[in-house]
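Biologist: Could you walk me through this structure? I have not looked at it before, so please take it step by step.

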Amino acid sequence: LTFLEVQHNGAHDVAGLAGATSIAVSADGASVYVAGKGDDGIAAFVRDPATGKLSFAQVLQQGLEGIDGLDGVNALAVSPDGAHVYAVGSTATSKTLTVLARDPASSMLVVVGIRRDGVGDVTGLNGAAAVTVSADGAYVYTAAKAAGAVAVFSTRCGDGVLDAGEQCDDGNASDGDGC
């Protein structure tokens, strides 16, 4: 291994790295995402494919600009197609799996959905410490220490097919607009 560079929280406008606990690289190699549990946020970087060096792109933090779902964020995963980033976080009051849409050109993220432990039929997120996505991108798995659980989520709702575990499927990914 040859050392190339370091990105520090607070240096050169970089933010969101306090308490960094997890890192994920997009399959296309264009983006690097870091969970900063101490900042309740995600730092996004653009990656130079020729050198591997990073350029800070964005920070998303709980409570800033109306962002929710990142309280205690401590693990990340990028979907195989690179369209989404999944983040899990767990504090005494927030136990979440957050879905973020990814712009491959800029590495920027936007929160598009949040699943909360104890809301609706969701359970098993208390102490969420890990997240991964199946190779086909159809399922997201979380591991939670306090719950002693692996929670399974389907990404298939919105495909127009009523899959196992769905109560309905109106053909789009917009929650609450027809199901």
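**Salt bridges, strands and surface**

Modeller: Gladly, and let us start with Asp28, which counts as partly exposed at 47% relative accessibility. Please keep in mind that this is a predicted model.

Biologist: Thanks! Which residue does the side chain of Asp28 meet in a salt bridge?

Modeller: Asp28 sits in the loop between strand 1 and strand 2 (31-36), and its partner belongs to strand 7, so the pair ties together parts that are 74 residues apart in sequence. The N to O distance in this salt bridge is 3.1 Å. The partner in strand 7 is Arg102.

Biologist: Is Arg102 buried or exposed?

Modeller: The cut-off to use here is that buried means under 20% relative accessible area. Arg102 has a relative accessibility of 7%, so this residue counts as buried.

Biologist: How many salt bridges does a search of the whole structure find?

Modeller: We have just met one of them, between Asp28 and Arg102. Asp121 and Arg115 also meet through their side chains, at 3.5 Å from N to O. Asp68 forms a salt bridge with Arg116. The search of the whole structure gives a total of three.

Biologist: How far apart in sequence are the parts that Asp68 and Arg116 tie together?

Modeller: The closest N and O atoms of Asp68 and Arg116 are 2.2 Å apart. Asp68 lies in the loop between strand 4 and strand 5 (73-78), while Arg116 lies in strand 8, so the parts they tie together are separated in sequence by 48 residues.

Biologist: And what are the relative accessibilities of Asp68 and Arg116?

Modeller: Both values fall between the cut-offs of 20% and 50%, so the label for each is partly exposed. For Asp68 the relative accessible area is 30%, and for Arg116 the value is 28%.

Biologist: Back to the salt bridge of Asp121 and Arg115: which residue of the pair counts as exposed?

Modeller: Exposed means over 50% relative accessible area. Arg115 has 35%, so this residue is partly exposed. With 64% relative accessibility, the residue that counts as exposed is Asp121.

Biologist: Let us turn to the strands. Which strands stand at the edges of the open sheet of four strands?

Modeller: The order in this sheet is 1-2-3-4, with antiparallel pairing. A strand at the edge has a single partner strand, so one side is left without a neighbour in the sheet; this holds for strand 1 (20-25) and strand 4 (54-61).

Biologist: By how much are neighbouring strands of this sheet turned against each other on average?

Modeller: The figure ignores the direction of the strands. On average, the turn between neighbours is 20°.

Biologist: What is the bridge partner of Gly41 in strand 4?

Modeller: Strand 3 (residues 41-47) runs antiparallel to strand 4, and seven bridges join them. The partner of Gly41 across this pairing is Gln61.

Biologist: Which backbone nitrogen does the side chain of Gln58 reach?

Modeller: Gln58 belongs to strand 4. At 12% relative accessibility, this residue counts as buried. Its side chain comes to 2.7 Å from the backbone nitrogen of Leu109.

Biologist: Asp13 and Ser107 each have a positive phi without being a glycine; which of these residues counts as buried?

Modeller: Phi is about 70° for Asp13 and about 70° for Ser107. Asp13 lies in the segment before strand 1, and with 68% relative accessibility it counts as exposed. The loop between strand 7 (95-102) and strand 8 (109-116) holds the other residue, which at 1% relative accessibility counts as buried: Ser107.

Biologist: Which residue in the turn between strand 9 and strand 10 has a positive phi?

Modeller: Strand 9 (residues 128-133) and strand 10 run antiparallel, joined by five bridges, with Ala128 opposite Ala144. The two strands form a hairpin with five residues between them. The residue in the turn, with a phi of about 75°, is Gly137.

Biologist: Last one: how much accessible area does the nonpolar patch on the surface have?

Modeller: One of its residues is Tyr141, found in strand 10 (residues 139-144). Tyr141 is partly exposed, at 30% relative accessible area. Together with Val150 and Val152, Tyr141 makes up a patch whose accessible area is about 270 Å².

How values were computed:
Residues numbered from 1 in each chain as written. Predicted model: local features only at pLDDT ≥ 70, side-chain atom pairs only at ≥ 80, totals over all residues. Heavy atoms only, no water. Pairing = 2+ DSSP bridges. Axes fitted to C-alpha atoms, helices over the stretch in contact; angles between N-to-C directions. Buried < 20%, exposed > 50% of the residue type's maximum accessible area, 1.4 Å probe, protein only. Salt bridge = Lys/Arg side-chain N within 4 Å of Asp/Glu carboxyl O. Patch = residues over 30% accessible without salt bridge, like charges linked within 9 Å, V, L, I, M, F, W, Y side chains within 5 Å. Areas by Shrake-Rupley, 256 points an atom, 1.4 Å probe, with all protein chains shown as cover. Polar contact = N/O pair within 3.5 Å; in protein donor to acceptor, adjacent residues only side chain to side chain.
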